[in-house]
Amino acid sequence: MSQITLTPGSRTTELMGRAVKGRSLWDDARRRLLRNRAAVIGMAVLALLVLAAAIGPFLVPFAYDEINKNDVWAPPLAAGHLLGADALGRDLLARLLWGLRVSLGIGAVATAVSLIIGVAWGAAAGYLGGVVDEAMMRIVDVLYSLPYIFFVILLMVTFGSNIVLIFLAIGAVEWLTMARIVRGQTLSLKQKEFIEAARAAGLTRVAIIARHIVPNLLGPVVVYVTLTIPGIILAESFLSFLGLGVQPPMASLGTLIADGAQDMELAPWLLIFPSIAMAVTLMCFNFIGDGLRDAIDPKDR
Amino acid sequence: MLRYLLRRLAVAIPTLFIVVTAAFFMMRAAPGSPFDLDRKLPPEIKKNVEAKFGFNKPLLVQYGDYIVGVLHGDFGPSLKYRDKTVVQIIQENYRPSMVIGLSAFVLSIVVGINLGVIAAMRQNGAYDYATMAVAIVGVCIPSFVTAPLMQLAFGAKLGWLPIAGWDGGAPPNLVLPVLVLALPQIAIISRLTRAGMIEALRSNYVRTARAKGLPEPVIVLKHALRAAVLPLVSYLGPACAGLLTGSLIVERIFNLPGLGKFFVTSALQRDYTVVMGMVIFYAALILALNFLADLLYAALDPRVRLA
């Protein structure tokens, strides 16, 4: 039984050193994510957009609902309106920043709602299994088979459109896919060999959940969250466009586009700038989501 | 295979029943009655009107009546458009929706598959990147952005196509709505096809086909494509749902007299019977299309066929 002697600089120490330092799943994922150019650009642009939505409204000399009679349909750069003004002489930049804030806010809150419902529902179904699982997933199937926007329209019509309800209504509808993902993941994780191995190695249940189940559950959930936010922003804009979402003088990207579409021949900038803002926002989320999926899910590579 | 299909059917029917029930009770839970928007009616007349439509009966009786009616193919009268039944309204308005929906469906499948296959065969080439860039844009830019922009460009500025309107279904009036409706689906279908093709082209049976010396078109079209379209077949159901949802926007923007426009108007007017009838109609349509997709899937995938 010869002992391995460790001489500094030898290959063995090098390997040992690396092994001791360790690279968690998340380190790996982060490294892969940062190597993805589209995702990095997406994150940078998104950070700028969030910053603009957060502090932008304070930097613009106009309020989003400030009516200026003399500036009706002012083109971009005219009369101090960087992006022009609308039919009531309201500054488009101020409204755009405000709309961005509303849309991003709805995206974040409604996603949180869908995350809570979806993870709880999916984990419960996957963990309990059997008849309960069958029943719970059948409910998901039923809701799936409806054109979901109908549900949201119905909720808006039923209880009137106020902004909190929009958060809740959209979040309450968007949890279905999350529930399916979490359930499937929980089901397959429950009987994976590495879980059994961990159990055999004497890990406590808490340790197994924290170290093996959660990281594996978290990956798809994080990816799906990044893809849910743009879906929700889209759904909100869809409703606002139909006149069922955010009510004037409040603005969201959807209402701005709807307003812009009405006056597009007279004042095309009212349509073009909000459309660009919407497209850029959605693209950022999609790039980040795709990047995260490639980074977190090694199977796809 | 028969068992597989029967199992699918056994899910679809209770689903439809639950949809009917949920729609009924949600609409009835809404505050305000459908007669609120009219000028104030004297209480006696209001009572009579409500009695005529059966609103004075207990809720469960109304529900029972409604279910019996639905089973007989009777969705009741519209509450807003007097003298018309829900079925008549659907019959009178489905044509524009069907025309643009079907056209968009065919267009997105043909264009989407072609783009995806070519992109997969030139993986990482300029064409591939260009197609996938267009696909990402197609996914990210919603139809209520593309539609006004196209109206602005092709209708108002260039004057090539009418900005809006149905005009009895004249082909120039159809171009923009169909394009707008199909664009997101083209994007998704081309991405799915590309992913499926890339995987199929790397598989062992394609290598075997190459080794046999089969010509490339036969390998691609007969062997690889068949496997690559499988995920696409499961996407057909969601694609139809997407087209139906998109039709709400497209019919509104382009002012087409179809079901989507009617649905939004009815929902805003609290026309219970019309909204419920149309939801059931939409749900039944989606379930039927999903079932057809399952049939197709079973026909294409031997693993399902033999199970």
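## Exercises on a predicted two-chain model

B:Arg210 has a relative accessible area of 38%, so it is partly exposed. The model behind these exercises is predicted.

**Exercise 1. Place the partner of B:Arg210.**
Which residue meets the side chain of B:Arg210 in a salt bridge? Is that partner, B:Glu216, buried, partly exposed or exposed?

*Solution.*
Step 1. Find the partner. The side chain of B:Arg210 meets that of B:Glu216, with N to O at 3.0 Å.
Step 2. Classify the partner. B:Glu216 has 34% relative accessibility. The partly exposed class runs between 20% and 50%. B:Glu216 therefore counts as partly exposed.
Step 3. Recall the background. Side chains of opposite charge can pair when their charged atoms come close.

**Exercise 2. Analyse the salt bridge between the chains.**
How many salt bridges are there over all chains? How many lie across the interface of chain A and chain B?

*Solution.*
Step 1. Search the whole structure. Five salt bridges turn up over all chains.
Step 2. Assign helices. B:Arg191 sits in α7 of chain B, residues 171-201, and A:Asp290 sits in α12 of chain A, so this pair joins two chains.
Step 3. Restrict the search to the interface. One salt bridge is found there. Its side chains are those of B:Arg191 and A:Asp290, at 3.0 Å, N to O.
Step 4. Check exposure. B:Arg191 has 27% relative accessibility and counts as partly exposed. A:Asp290 has a relative accessible area of 18%. The buried class lies under 20%, so A:Asp290 is buried.

**Exercise 3. Find what a salt bridge within chain B ties together.**
How many residues apart in sequence are the parts that B:Asp128 and B:Arg194 tie together?

*Solution.*
Step 1. Take the geometry. The side chains of B:Asp128 and B:Arg194 meet in a salt bridge at 2.7 Å, N to O.
Step 2. Map the helices. B:Asp128 belongs to α5 of chain B, residues 126-140, and B:Arg194 to α7 of chain B, so the pair links parts 66 residues apart in sequence.
Step 3. Check burial. B:Asp128 and B:Arg194 are both buried.

**Exercise 4. Describe the interface.**
How many residues of each chain are in contact? Which element of chain A gives the largest share of its side?

*Solution.*
Step 1. Count residues. Chain A contributes 34 residues in contact with 39 of chain B.
Step 2. Take the area. The two chains bury about 3400 Å² between them. Carbon and sulfur atoms carry 83% of that.
Step 3. Count polar contacts. One residue pair is in polar contact between the chains, both at pLDDT 80 or more.
Step 4. List the elements. On chain A, those giving two or more residues are α5 (130-145), α6 (148-159), α10 (205-242), α11 (253-262) and α12 (269-296).
Step 5. Pick the largest share. That is α12(A), with ten residues.
Step 6. Sort by type. The side of chain A divides into 26 nonpolar, five polar and three charged residues.

**Exercise 5. Locate the nonpolar cores.**
Which residues touch the most other members of the largest nonpolar core?

*Solution.*
Step 1. Rank the members. The largest core has 122 residues, and A:Ile153 and B:Phe144 touch the most other members.
Step 2. Follow B:Phe144. Beyond four places in sequence, its contacts include A:Leu234, A:Phe238, A:Phe241, A:Ile257 and A:Met278 of chain A, and B:Ile249 and B:Ile253 of chain B.
Step 3. Look for a separate core. Another, of 19 residues, lies apart from it, with B:Ile189 and B:Tyr235 among its members.

**Exercise 6. Read the fold of chain A.**
How many helices and strands does chain A have? Why is α11(A) called largely enclosed?

*Solution.*
Step 1. Count elements. Chain A has twelve helices and zero strands.
Step 2. Check burial. Of its 301 residues, 47% count as buried.
Step 3. Turn to α11(A). Eight of its ten residues are buried, so the rest of the structure largely encloses α11(A). Among the buried ones are A:Leu253, A:Ile257 and A:Ala261.
Step 4. Add a buried residue of α10. A:Thr228 lies in that helix of chain A. Its relative accessible area is 1%, so A:Thr228 is buried. Beyond four places in sequence, A:Thr228 touches A:Thr111, A:Ser114 and A:Glu174.
Step 5. Test a long-range pair. A:Ile163 and A:Gly245 are 82 residues apart in sequence, yet 7.5 Å apart in space, C-alpha to C-alpha.

Note on methods
Residues are numbered from 1 along each chain as its sequence is written. Chains are lettered from A and ligands numbered from 1 in the order in which they are written. This is a predicted model: local features need pLDDT of at least 70, side-chain atom pairs count only at pLDDT 80 or more; totals for chains, interfaces and linings use all residues. Side-chain values use heavy atoms; hydrogens and water are left out. Contact means heavy atoms within 4.5 Å. Buried area is the accessible area (1.4 Å probe) that two parts lose on being put together, summed over both. A salt bridge is a side-chain nitrogen of Lys or Arg within 4 Å of a carboxyl oxygen of Asp or Glu. A polar contact is a pair of N or O atoms within 3.5 Å; within protein, one must be able to donate a hydrogen and the other to accept it, and residues adjacent in sequence count only if both atoms are side-chain atoms. Helices (H or I, at least four residues) and strands (E, at least two) are DSSP runs, numbered from the N terminus. Ala, Val, Leu, Ile, Met, Phe, Trp, Tyr, Cys and Pro count as nonpolar, Asp, Glu, Lys and Arg as charged, and the others, Gly among them, as polar. Buried means under 20% relative accessible area, exposed over 50%, partly exposed in between (1.4 Å probe, protein chains only). A nonpolar core is a set of buried Ala, Val, Leu, Ile, Met, Phe, Trp, Tyr and Cys residues joined through side-chain atoms within 4.5 Å.
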